[in-house]
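Work through the exercises below with the sequence and the structure open. Each task is followed by a solution in steps.

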Amino acid sequence: MEKANKKNFNLDDYRFGGDEKAIDSNPQLRDYLRVLYDQIKYENKMVGDFSVYGTYKIKPEMQDFLIKEIKFFQERKGDVVYVTRVLEDVILNFRITFNIVGSAQQAFLDIVEREVRFDEDNIMHTTRLDEIVKVGHPDFVNYVYKEWNVWLSLEDLAFEDNPLIRNLLDRIALFGALCPMLGMSSMAYVKSMLTILPKCGPTGLLIATQFNQKMNAMSLLQPDFAKDGMGMKRLLDGLMRKHNFFPVLAGVKEALPAIKDFVQPIKSIDMSSIKIPPKNKKMDGATLGKGKDL
């Protein structure tokens, strides 16, 4: 895969390029990547979904929900307006961009989500949700705010349950409940892979070397980092993604048991038996002030 410009990162480039065939042909690797990307999604509280190839998309029904959901005005910088919505533990950050030239009027609504990447630049996922086009509308800006449900002030807004966002919140809570088990599985996985990588050619050896170097550096800043199984796995996964190494693992017989051993306990869990942490208490009442000339 060609190296992407992180300042202009295209969502469709965020994948394993032409290596889909290698991933498709290996069920164990596909299962591992599903878990990896689920972890990324729920750790970052993202509303979209990753494919096993790393492509990130937001489903149309979720996009429709995001367009209609109430949003709180934050600030305006020139032709760009930033608005947010807090739904329990999820913070939704939106951007409205106005393009008004003479009587031609355009507005674009995007949601911007940050994926925190370990020991490298974060990725900002920007997804276009909607567009409004008018010609000579007498009050275009406030028309846009009304269409996209933007409010000037927001106090004690009652949370209206929605099945889409409720599912996301429940899955985030479930991921939190699974973290202790994931931590132990991650530690065992990392130890296994560090013995396998040096046998996987120059790139495998490079990844193992870089991992150990970064571990030493991290240990100086966080003495307990070597006990953080999920953090160590996140670091190792990041290096493998950086070197496009996951498809290579599909052809390494010694690596497949380690991948299977990590995934199998997760696949075998009866999710209905997991006690999800209690939800935040909903707020009562609503005081809203519709804004003019935000």
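**Exercise 1.** List the residues through which helix α5 meets helix α9 in this predicted model, and state how the two helices are oriented.

*Solution.*
Step 1. On the side of α5, the contact is made by Met181, Leu182, Ser185, Ser186, Tyr189, Ser192, Met193 and Ile196. On the side of α9, the partners are Ala255, Ala258, Ile259, Phe262 and Ile266.
Step 2. Sorted by type, the residues of this contact are ten nonpolar, three polar and no charged.
Step 3. Two packed helices are described by the angle between their axes and the distance between the axes. For α5 (residues 163-196) and α9 (residues 255-267), the angle is about 175 degrees and the axes lie 9 Å apart.
Step 4. Angles over 145 degrees count as roughly antiparallel, so α5 is roughly antiparallel to α9.

**Exercise 2.** Find the strands that pair with β3, and give the sense of each pairing.

*Solution.*
Step 1. Strand β3 covers residues 71-77 and runs parallel to β8 (residues 150-151), to which two bridges join it. In this pairing, Lys71 has Val150 as its bridge partner.
Step 2. With β4 (residues 80-87), β3 pairs in the antiparallel sense, over five bridges. Here Arg76 stands opposite Val81.
Step 3. Look at the turn of the β3 and β4 hairpin. Two residues lie between the strands, and Gly78 takes a positive phi near 65 degrees.

**Exercise 3.** Examine three of the 14 salt bridges in the whole structure, and decide whether the residues named in each solution step are buried or partly exposed.

*Solution.*
Step 1. Side chains of opposite charge can pair when their charged atoms come close. For Asp24 and Arg30, the closest N and O atoms are 2.6 Å apart. Asp24 has 40% relative accessibility, so Asp24 counts as partly exposed.
Step 2. Arg234 and Glu43 form a salt bridge with closest N and O atoms 2.7 Å apart. This pair links distant parts of the chain, since Arg234 belongs to helix α7 (residues 229-242) and Glu43 to helix α2 (residues 27-43), 191 residues apart. Arg234, at 29%, is partly exposed, and Glu43, at 28%, is also partly exposed.
Step 3. Arg95 and Asp110 meet at 3.3 Å, N to O. Arg95 lies in strand β5 (residues 90-101) and Asp110 in strand β6 (residues 104-115). Buried means under 20% relative accessible area. Asp110, at 1%, is therefore buried, whereas Arg95, at 25%, is partly exposed.
Step 4. Arg95 and Asp110 belong to a network of salt bridges that also includes Arg128.

Methods:
Residues numbered from 1 in each chain as written. Predicted model: local features only at pLDDT ≥ 70, side-chain atom pairs only at ≥ 80, totals over all residues. Heavy atoms only, no water. Pairing = 2+ DSSP bridges. Helix = DSSP H or I, 4+ residues; strand = E, 2+ residues; numbered from the N terminus. Axes fitted to C-alpha atoms, helices over the stretch in contact; angles between N-to-C directions. Parallel < 35°, antiparallel > 145°, perpendicular 65-115°, else oblique. Contact = heavy atoms within 4.5 Å. Nonpolar A, V, L, I, M, F, W, Y, C, P; charged D, E, K, R; others polar. Salt bridge = Lys/Arg side-chain N within 4 Å of Asp/Glu carboxyl O. Buried < 20%, exposed > 50% of the residue type's maximum accessible area, 1.4 Å probe, protein only.
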